[in-house]
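Me: Could you pick one part of this model and take a close look at it with me? I'd like one connected walk-through, going strand by strand or helix by helix where that helps.

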Amino acid sequence: MPTNFSQSYANYTEEGYPVVHLGSVDIILLGRWGGLSNALLSLHENHFFMAQYNMQHALVESYMLLDGSVEMEHDGKRRLMEIGEVVDASQYGRAITFYGKTDAEILMKMNAVTYEVIFFEMQILQKEAEEIEALDGYTYHHCSRIKDYSIEVWKRLDMSKESLRILRWGAYFHDIGKCAIPLDILNKPGQLTAEEWEIMKTHTTEGAKMVRRHSVEWLKDIAFIVEQHHERYDGKGYPYGLKGDEIALEAAIVSVVDAFDAMTTDRVYKKALLIEEAVEELQAGKGTQFNPEVVDAFLEVLETKQFKWE
Ligand SMILES: [Fe+2]
């Protein structure tokens, strides 16, 4: 755990504006002008932000690049934005992705009522995500990394925009059920006993229950991802032993990305594998543990990132 953990996750900026930290980006709520809510998107170098995943609410009116170098991608085409350029969101039916070539700042104007509800819900959710990461001994980037790579895999598969919204949060909260697991089991350095392992496995079903009765009502939509993220393609997973297409593609994506992250991260009970070793494990698990289509898409993503995992 970094020593600046609480500081880096403070819910207000030094100037007193509410903020959410989403890993690749910080979103700072500046206030309302002219009936619209203004938020500053602070995009970090070499990271991306996929906007308009909830376009069905016609949430965002426009984006304006204030500072830094940003490439914008829409329908597979990328181009550099100019400082001061205003992008009218209504012109874009599909999601836009912003890539930070440097640290950059983008001003978003949005429907105030809808956006502010979502913003404060995100703050609640983020606090909970921090708690989960702290519990599980992961670094604070774990949830964001799973989410970001899951989105990249989504882009390579033929899936709906609605599924992106669900996948995004499902990936972020897939392990929420670990809150219900006793800490001595969760962080046990040695092997779990059969009984402890049965308890550990309930983080899937317990997590699904938690999101179904969550105060952020729409979080119930992600319950199936939380529930299915340890199912295996060959039917030997848990909790239900679903197989093949019985497992939702969103859950299959989280399963691959999460497994890869677990393999390449030092944990209390094991040392990390090298990236090449983890890639071999994924290949070996194609069609048994993992959905082959998802593994292929994920390996393509890794290849575009020169097999760096960060
Ligand atoms: Fe899990």
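Reply: First, a ground rule: two strands count as paired if DSSP finds at least two bridges between them. Keep in mind, too, that this is a predicted model. On that footing, strand 1 and strand 2 qualify, with three bridges joining them in an antiparallel run.

So let's make the sheet that holds this pair our part. It is an open sheet of six strands, in the order 1-2-3-10-5-8, and its pairing is antiparallel. Strand 1 (19-21) and strand 8 (86-88) sit at the edges, each pairing on one side only. On average, and ignoring direction, neighbouring strands here are turned by 20° against each other. As general background, strands of a sheet pair through backbone hydrogen bonds, either parallel or antiparallel.

Let's walk in from the strand 1 edge. Val20 stands opposite Ile27 in strand 2. The two strands form a hairpin with three residues between them, and Gly23 has a positive phi near 90° there.

Next comes strand 2 (residues 25-33), which pairs with strand 3 in the antiparallel sense over eight bridges. If you want landmarks along this pairing, Gly31 has Asn38 of strand 3 as its bridge partner, and Ile28 is partnered by Leu40. This is another hairpin, with two residues between strand 2 and strand 3. Its turn holds Gly34, with a positive phi of about 55°.

Now step across strand 3 to its other neighbour. Strand 3 (residues 36-43) runs antiparallel to strand 10 (residues 104-111), and eight bridges join them. Leu40 is a handy residue to click on: its bridge partner in strand 10 is Leu107, while in the pairing of strand 2 with strand 3 it is the partner of Ile28. Right beside that, Ala39 stands opposite Met108 in strand 10. When you look at the side chains, remember that in a regular strand they alternate between the two faces of the sheet.

For contrast, there's a second sheet. Four strands make up this open, antiparallel sheet, in the order 4-9-6-7. Its edges are strand 4 (48-51) and strand 7 (77-80), and each of these pairs on one side only. Here as well, neighbouring strands are turned by 20° against each other on average, direction ignored. Four bridges tie strand 6 (residues 70-74) to strand 7 in the antiparallel sense, and one of the partnerships is Glu73 with Arg78 of strand 7.

Now zoom out to the rest of the chain. The domain assignment splits the protein chain into domain 1 (5-117) and domain 2 (141-304). Their centres, taken over C-alpha atoms, are 28 Å apart.

On the helical side, helix 9 is a good anchor. The axes of helix 9 (residues 249-263) and helix 11 (residues 292-304) come within 9 Å and cross at roughly 50°, so the two helices are oblique to each other. The crossing is right-handed. Helix 9 brings Ala252, Ile253, Val256 and Val257 to the contact, and helix 11 brings Val294, Val295 and Phe298. By class, that gives seven nonpolar residues, no polar and no charged ones.

Helix 9 also meets helix 3 (residues 142-156): their axes come within 9 Å and cross at roughly 130°, which makes helix 3 oblique to helix 9. This crossing, too, is right-handed. From helix 3 the contact takes His142, Arg145, Ile146, Tyr149, Ser150, Val153 and Trp154, and from helix 9 it takes Ile253, Val254, Val257, Asp258 and Asp261. These residues divide into seven nonpolar, two polar and three charged. Notice that Ile253 and Val257 take part in the contact with helix 3 as well as in the one with helix 11.

Technical notes. Residues numbered from 1 in each chain as written. Predicted model: local features only at pLDDT ≥ 70, side-chain atom pairs only at ≥ 80, totals over all residues. Axes fitted to C-alpha atoms, helices over the stretch in contact; angles between N-to-C directions. Parallel < 35°, antiparallel > 145°, perpendicular 65-115°, else oblique. Left-handed = near helix turned anticlockwise from the far one by under 90°. Contact = placed C-beta atoms within 7 Å. Nonpolar A, V, L, I, M, F, W, Y, C, P; charged D, E, K, R; others polar. Domains from an automatic or database assignment.
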